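Trainee: I would like a close look at a single part of this model, with the charged side chains as the starting point. Please keep it to what the coordinates support.

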Amino acid sequence: DQADYTKYANERILKDLLTVLDNLQRALQHAQQPGGTTGLVQGVELTCKHYVETLSRFGVTEIPSMGLPFDPVIHQAVALVKAREGQAPNTVVAEHEKGYYLYDRVLRPAMVTVAASNKAAGD
């Protein structure tokens with residue numbers, strides 16, 4: 001029983017993700033039709049929205065980053081730039097990859113660019 005439970009534990013999420021795959025495949029089919037690029041963009045937007053909703057049902061939520069203070073627990077700095085006027089040092093100024101929580105744990109940290117003080121940036 002334990003082996004079967006482990007083997008099929010992800011069945012529910014996988015079924016929901018198959019629906020997302022179906023939507024992506026439909027969007028691609030529409031894109032191959034004459035004048036299908038508008039439908040493709042709309043299809044991908046709807047699929048993305050459905051995907052985010054599916055993830056949230058399983059406890060996955062986005063980590064906020066832009067304009068917030070850098071936090072090494074939830075952010076991974078991939079670049080450091082001089083703070084522009086109006087930007088506080090040690091603030092996230094660009095997000096390269098979104099980060100996500102799984103309930104209250106970091107599933108993946110956000111990959112970000114951080115504004116540095118002029119001293120830290122080499123002035």
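Trainee: With which residue does K98 form a salt bridge, and how far apart are the closest N and O atoms?

Mentor: This is a predicted model, so distances between side-chain atoms are counted here only at pLDDT 80 or more. K98 forms a salt bridge with E62, and the closest N and O atoms are 3.4 Å apart. The two residues come from distant parts of the chain: K98 sits in the loop between β3 (91-97) and β4, E62 belongs to strand β1, and 36 residues separate them in sequence. K98 is partly exposed, since its relative accessible area is 33%, and E62 is likewise classed as partly exposed, at 42%.

A second pair involves strand β3. E97 and R108 meet through their side chains in a salt bridge with an N to O distance of 3.8 Å. Because E97 lies in strand β3 and R108 in strand β5, this pair ties together parts that are 11 residues apart in sequence. E97 counts as partly exposed at 38% relative accessibility, and R108 also counts as partly exposed, at 34%. As for shared partners, salt bridges join E62, E95 and K98 into one network.

The strands around these residues come next. β1, β4 and β5 make an open sheet of three strands, in the order β1-β4-β5 and with antiparallel pairing. Its edge strands are β1 (60-63) and β5 (105-108), each of which pairs on one side only. On average, neighbouring strands of the sheet are turned by 40° against each other, with direction ignored. The antiparallel pairing of β1 with strand β4 (residues 99-102) runs over four bridges, and V60 has L102 in β4 as its bridge partner.

L102 also leads to the surface. This residue is partly exposed, with a relative accessible area of 34%, and together with Y103 and L107 it forms a nonpolar surface patch of about 330 Å² accessible area.

S65 offers a contrast in exposure. It is placed in the loop between β1 and β2 (75-82) and counts as buried at 4% relative accessibility, because the cut-off for buried is under 20%. Apart from its neighbours within four places in sequence, S65 is in contact with H75, V92, E95, A110 and V112. E95 in that list is also a member of the network with E62 and K98.

Methods:
Residues numbered from 1 in each chain as written. Predicted model: local features only at pLDDT ≥ 70, side-chain atom pairs only at ≥ 80, totals over all residues. Heavy atoms only, no water. Pairing = 2+ DSSP bridges. Axes fitted to C-alpha atoms, helices over the stretch in contact; angles between N-to-C directions. Patch = residues over 30% accessible without salt bridge, like charges linked within 9 Å, V, L, I, M, F, W, Y side chains within 5 Å. Areas by Shrake-Rupley, 256 points an atom, 1.4 Å probe, with all protein chains shown as cover. Salt bridge = Lys/Arg side-chain N within 4 Å of Asp/Glu carboxyl O. Buried < 20%, exposed > 50% of the residue type's maximum accessible area, 1.4 Å probe, protein only. Contact = heavy atoms within 4.5 Å.
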